[in-house]
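Reader: I've got a new model open and I'd like to learn how to read it feature by feature. Can you walk me through it?

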Amino acid sequence: MINFLILPILIPLVTGVLLIFAAKRIMLQRWIAGISSVIAIIFSALLVQKVRIDGIQTLDVSSWEAPFGITLVSDMMSALLVLTTSIIAFLCLIYSFWSIGEAREKFYYYAAFNFLIVGVNGAFTTGDIFNLFVFFEVMLMASYVLLVLGGKKAQLRESIKYILVNVISSALFVVAVAYLYSVVGTLNMAHISVRISEVSQGNPPGIITVIAVLFLIVFGLKGAIFPLYFWMPGSYYAPPAPVLALFGALLTKVGVYSIARTYTLFFYHDTGFTHQLLSFLAIMSIIAGVIGAIAYWDIKKIIIYNIIIAVGAILFGISAMTTDSLTGSIFYLIHDMIIKAALFLLAGIVIAIAGTSNLHKISGLIKRYPGLGWTFFIAALALAGIPPLSGFVGKLLIVKGGFEAEHYWGAGIVLMSSLLVLFSIMKVFINGFWGTPRAYKGEDKVPVGKMMIAPVILIVLAVFYGVGSEYVYPYISQAAETLANPEIYIEAVLKEY
């Protein structure tokens, strides 16, 4: 029997190791990395279908049954996130062929790229809280390499900040896991949920609330929620477009996924304090993100602050804990991964043409590059959630779930944020693509046609995700059902235990 479950982790791992030995042979690296990514997409799609038909898939590594051994778990949410990650990774990879430069390619760029995907897919798949920490570290170490490759002053400055924040976050993660283990005596996520139920018996002790807040701080730092997002605008600004697309689409989403997983599986017994705190921070994230996105006149910064807005909207849905809000959060999470990757790649093309990301120095691009302009326009509408594009369904369900949970102010702010998101991103379109065309030094050398392949595919996916939402909905609904009913996850992992 083939364990589809482990292949999205194993394939990039083996690929990354192979690419270390082919560091100087660029074409060979591209072929190996490209073929490997396609194979990973195929197995990820097969995994989604298997979970759809047969339910949650588990794999006990080394035949040690849960909760004693290391367990990998794919429910529909993790399978969908792994598939989305594999697709985005492939498209960022082919974008890199035309944009990243030979200097980086010869310096283990593709190896680090694959190790990053190992960490992301591992974090989505692990059923063990300590191995979540391990996969976080794999992901972060690869991201350190990708961030500093190129050796520019801004990259080195921001990488120090990025590493310091993540080292502190990792130390807090270990402390939180140690506290949790001292209370429940297990690291298996399903078993942790059972043990917290036994310890709590309807009234969780204070230490469980403290641990829940600790996990929120740890994952909030990685997911960039208010007020812990301070490191992100600078650190994400430094790397080149394909790395920025990977970071913006995937890394913060691992933090968001971890909050969603722990707050629906571990800390759902008494939501009075923990989920209200999460709801407050989610709303504040939206407000802070909107202020940043409107205030800046820099393309990268505007899209980066829109990440914070999206993180807030997703987590507001998680905090409401209704079936609709959870469904909406998963819908919106996948939408945001796709559309942020597309926007960062499109912004990379604009910056390559204009030589700057400052909107005051860019105008009239649509006259010479109409395909780029109209693709960006569709991406902007999808980002704002204009029906029937991909952001609409998720946000609608989040707002509906917010009203059902009587979080009227929060739901209203999520709704209003769509208008302000549209204003912030249309500022890029109106100022950058309309107006008097300018001549840019070296623009003829930019392979715009080749660089457009990846973002166009992503926009097509985003449009299908919105227009064809009725075909996607059964998968999302199955994912939300597991979050809303943690006993489904527990029974699948622990079986007769």
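Reader: Let's begin with backbone angles: what sign does the phi of G185 take, just after α7?

Author: Keep in mind that this is a predicted model. G185 comes right after α7 and has a positive phi of about 70°. You'll meet a similar case after α14, where G355 follows with a positive phi near 75°.

Reader: And α7 itself: how far apart are its end C-alpha atoms?

Author: The trick is to count residues and multiply by the rise. Helix α7 covers residues 153–184, and because its 32 residues at 1.5 Å each should span 46 Å, the 46 Å between its end C-alpha atoms agrees with that. Now try α14, residues 323–354: it has 32 residues too, and its first and last C-alpha are 46 Å apart, close to the 46 Å expected.

Reader: Is α14 mostly covered or mostly open?

Author: Here's the general idea for helices. With 3.6 residues a turn, residues three or four places apart point the same way. As for α14, 29 of its 32 residues are buried, so count this helix as mostly covered.

Reader: Okay, down to single residues. Where is S424, and is it buried or exposed?

Author: Look in helix α18, residues 408–433, for S424. The cut-off for buried is under 20% relative accessible area, so S424, at 0%, counts as buried. Beyond its neighbours up to four places away in sequence, S424 touches A293, I294, I302 and N306.

Reader: What about S279, another serine: which residues is it in contact with?

Author: S279 sits in helix α12, residues 274–295. Leaving aside neighbours within four places, its contacts are F316, S319 and H407. Its relative accessibility is 11%, which means S279 counts as buried as well.

Reader: L277 is in α12 too. Is L277 buried or partly exposed?

Author: Partly exposed, because its relative accessible area is 23%. Not counting residues up to four places away, L277 touches V213 and L216. For a sense of the spacing, L277 and Y263 are 14 residues apart along the chain, with 12 Å between their C-alpha atoms.

Reader: Which contacts does M232 make?

Author: M232 is in helix α10, residues 232–237. With neighbours up to four places away left out, M232 touches A224, Y237, T252, I304, I307 and I308. Its relative accessibility is 0%, so M232 counts as buried. You can also pair M232 with L221: they're 11 residues apart in sequence, and 9.4 Å apart C-alpha to C-alpha.

Reader: Zooming out, how many helices and strands does the chain have?

Author: There are 21 helices and 2 strands. For overall shape, compare the radius of gyration with the globule rule: a compact globule of 497 residues would be near 23 Å, so the chain's 22 Å agrees. Along the principal axes, the C-alpha trace spans about 70 × 55 × 45 Å.

Reader: How much of the chain is buried, and what makes up its accessible surface?

Author: Of the 497 residues, 62% count as buried. The accessible surface comes to about 18,400 Å², and 69% of that belongs to carbon and sulfur atoms.

Reader: Last one: how far apart are the mean positions of the charges, and what share of contacts links distant positions?

Author: The mean positions of the 29 positive and 23 negative charges are 20 Å apart. Among contacts with a separation of 6 or more, 81% join residues 24 or more positions apart.

Note on methods. Residues are numbered from 1 along each chain as its sequence is written. This is a predicted model: local features need pLDDT of at least 70, side-chain atom pairs count only at pLDDT 80 or more; totals for chains, interfaces and linings use all residues. Side-chain values use heavy atoms; hydrogens and water are left out. Helices (H or I, at least four residues) and strands (E, at least two) are DSSP runs, numbered from the N terminus. Buried means under 20% relative accessible area, exposed over 50%, partly exposed in between (1.4 Å probe, protein chains only). Contact means heavy atoms within 4.5 Å. The radius of gyration is taken over C-alpha atoms; the globule rule is 2.2 Å times the number of residues to the power 0.38. Accessible areas come from the Shrake-Rupley method with a 1.4 Å probe; for residues, only the protein chains shown count as cover. Lys and Arg count as positive and Asp and Glu as negative; His and the chain ends are not counted. The place of a charge is taken as NZ of Lys, CZ of Arg, CG of Asp or CD of Glu. The expected span of a helix is 1.5 Å times one less than its number of residues.
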